[in-house]
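Subject: Structure for your review

Hello,

Here is the structure I said I would pass on. My notes on what I found in it follow below.

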Amino acid sequence: QNVVIYKNMHGEDVGVNEATTDPAGKISTCFPIFKFVRRGTLKNLPEELTVGMTTKYVVEQGKHLIMNKTETLTTSGLATCVALAIQIGNKKGMSHVDATTNIHRIIRDIQQTMTDEKIDSSGIDRVRVWEGTMYGNWHAIKKVDQIIEEVGIDAKKIHRQSVCFMTSVSF
């Protein structure tokens with residue numbers, strides 16, 4: 001999870017997350033007024049600052065991540081790209097596929113996770129596909145469909161949605 005590092009009034013580095021949750025559970029965007037210093041990660045923050053903080057892992061274009069199902073995966077900028085999200089037992093994965101993405105590693109990692117979780121494709125029932133809507137998206141759509149086919153996921157279990165490239169999607 002990326003955070004932004006600012007200087008406080010004492011000249012100390014302060015890490016600020018992009019959002020916070022109030023006691024009622026409402027998520028609010030946090031825009032502090034500090035002098036920007038650099039970007040950092042949650043690993044740079046003292047533990048007391050991260051208690052109760054929801055961590056989102058950003059999946060960059062052409063990449064994929066597999067995490068515990070309790071984590072939040074997110075991606076954006078799906079102009080001609082497609083995001084694929086799959087829950088596999090106690091794990092979940094997200095891929096941000098573009099026309100140049102090598103899908104063989106994604107397929108291998110999904111299949112390995114299925115083996116580790118002792119689940120076959122019939123046990124996968126939570127699958128999301130977000131398709132960018134700009135011209136040229138068919139390359140990524142074809143690659144995601146190939147991943148789905150090679151993993152053996154039933155097409156009836158897939159929830160597909162077209163999204164604007166400005167939309168951020170989370171799973």
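Thr101 touches Gly62, His96, Ile106 and Lys143, leaving out residues up to four places away in sequence. The model is a predicted one, and Thr101 sits in its loop between E10 and H2. With a relative accessibility of 4%, Thr101 counts as buried, because the cut-off for that class is under 20%. The side chain of Thr101 also makes a polar contact of 2.8 Å with the side chain of Asp98. As for Lys143, its C-alpha atom is separated from that of Thr101 by 8.2 Å, with the two positions 42 residues apart along the chain counted as their separation.

His96, one of the residues that Thr101 touches, belongs to strand E10, residues 91-97. Its relative accessibility is 1%, so His96 is buried as well. The side chains of His96 and Thr75 are joined by a polar contact of 2.5 Å. Beyond four places in sequence, the residues that His96 touches include Val59, Glu60, Gln61, Gly62 and Lys63. Thr75, Ser76, Gly77 and Leu78 are also among them, as are Cys81, Val82 and Thr101. Gly62 is thus listed for His96 and for Thr101.

Lys143, another residue that Thr101 touches, leads to helix H3. The helix covers residues 138-151, and at 1.5 Å a residue its 14 residues should span 20 Å; the end C-alpha atoms are 20 Å apart, so the two agree. Which residues of H3 are buried? They are Ala140, Ile141, Lys143, Val144, Ile147, Ile148 and Val151. Seen down the axis of H3, these buried residues fall within an arc of 165°, and they therefore line one face of the helix. The background to this is that an α-helix has 3.6 residues a turn, so residues three or four places apart point the same way. Lys142 and Glu149, on the other side of H3, are exposed. The cover over the buried residues of H3 includes strand E9 (82-88), E10, helix H2 (103-116), strand E11 (126-132) and strand E12 (158-163). After H3 comes Gly152, which has a positive phi near 90°.

H2, part of that cover, holds Thr113. Thr113 has 9% relative accessibility and so counts as buried. A polar atom of the Thr113 side chain lies 2.8 Å from the backbone oxygen of Asp109. Apart from neighbours within four places in sequence, Thr113 is in contact with Ile66, Ile88 and Lys91. The C-alpha atoms of Thr113 and Gly93 are separated by 9.4 Å, and the two residues are 20 residues apart along the chain.

Lys118 is found in the loop between H2 and E11. Lys118 is not a glycine, yet its phi is positive, at about 55°. Is Lys118 buried or exposed? Its relative accessibility is 74%, so Lys118 counts as exposed.

In strand E9 there is Gln87, which counts as buried because its relative accessibility is 18% and the limit is under 20%. The side chain of Gln87 has a polar contact of 3.0 Å with the side chain of Arg126, and it reaches the backbone oxygen of Gly89 at 3.4 Å. Not counting neighbours within four places in sequence, Gln87 is in contact with Lys69, Lys92, Ile124, Arg126 and Phe171.

Some values for the chain as a whole:

- The protein chain has 3 helices and 13 strands.
- Of its 171 residues, 38% count as buried.
- The accessible surface comes to about 10400 Å², and carbon and sulfur atoms hold 51% of it.
- Among contacts with a separation of 6 or more, 66% are between residues 24 or more positions apart.

Last, the confidence. The average pLDDT of the protein chain is 78, and 68% of the residues score at least 70. E9 has the highest confidence, at 94, while strand E4 (residues 27-29) has the lowest, at a mean of 47. Over residues 27-38 pLDDT stays under 50, and the model has 27 contacts beyond four places in sequence for that stretch.

Regards

Key
Residues numbered from 1 in each chain as written. Predicted model: local features only at pLDDT ≥ 70, side-chain atom pairs only at ≥ 80, totals over all residues. Heavy atoms only, no water. Helix = DSSP H or I, 4+ residues; strand = E, 2+ residues; numbered from the N terminus. Buried < 20%, exposed > 50% of the residue type's maximum accessible area, 1.4 Å probe, protein only. Polar contact = N/O pair within 3.5 Å; in protein donor to acceptor, adjacent residues only side chain to side chain. Contact = heavy atoms within 4.5 Å. Expected span 1.5 Å × (residues − 1). Arc of directions from axis to C-beta. pLDDT = per-residue confidence, 0-100. Areas by Shrake-Rupley, 256 points an atom, 1.4 Å probe, with all protein chains shown as cover.
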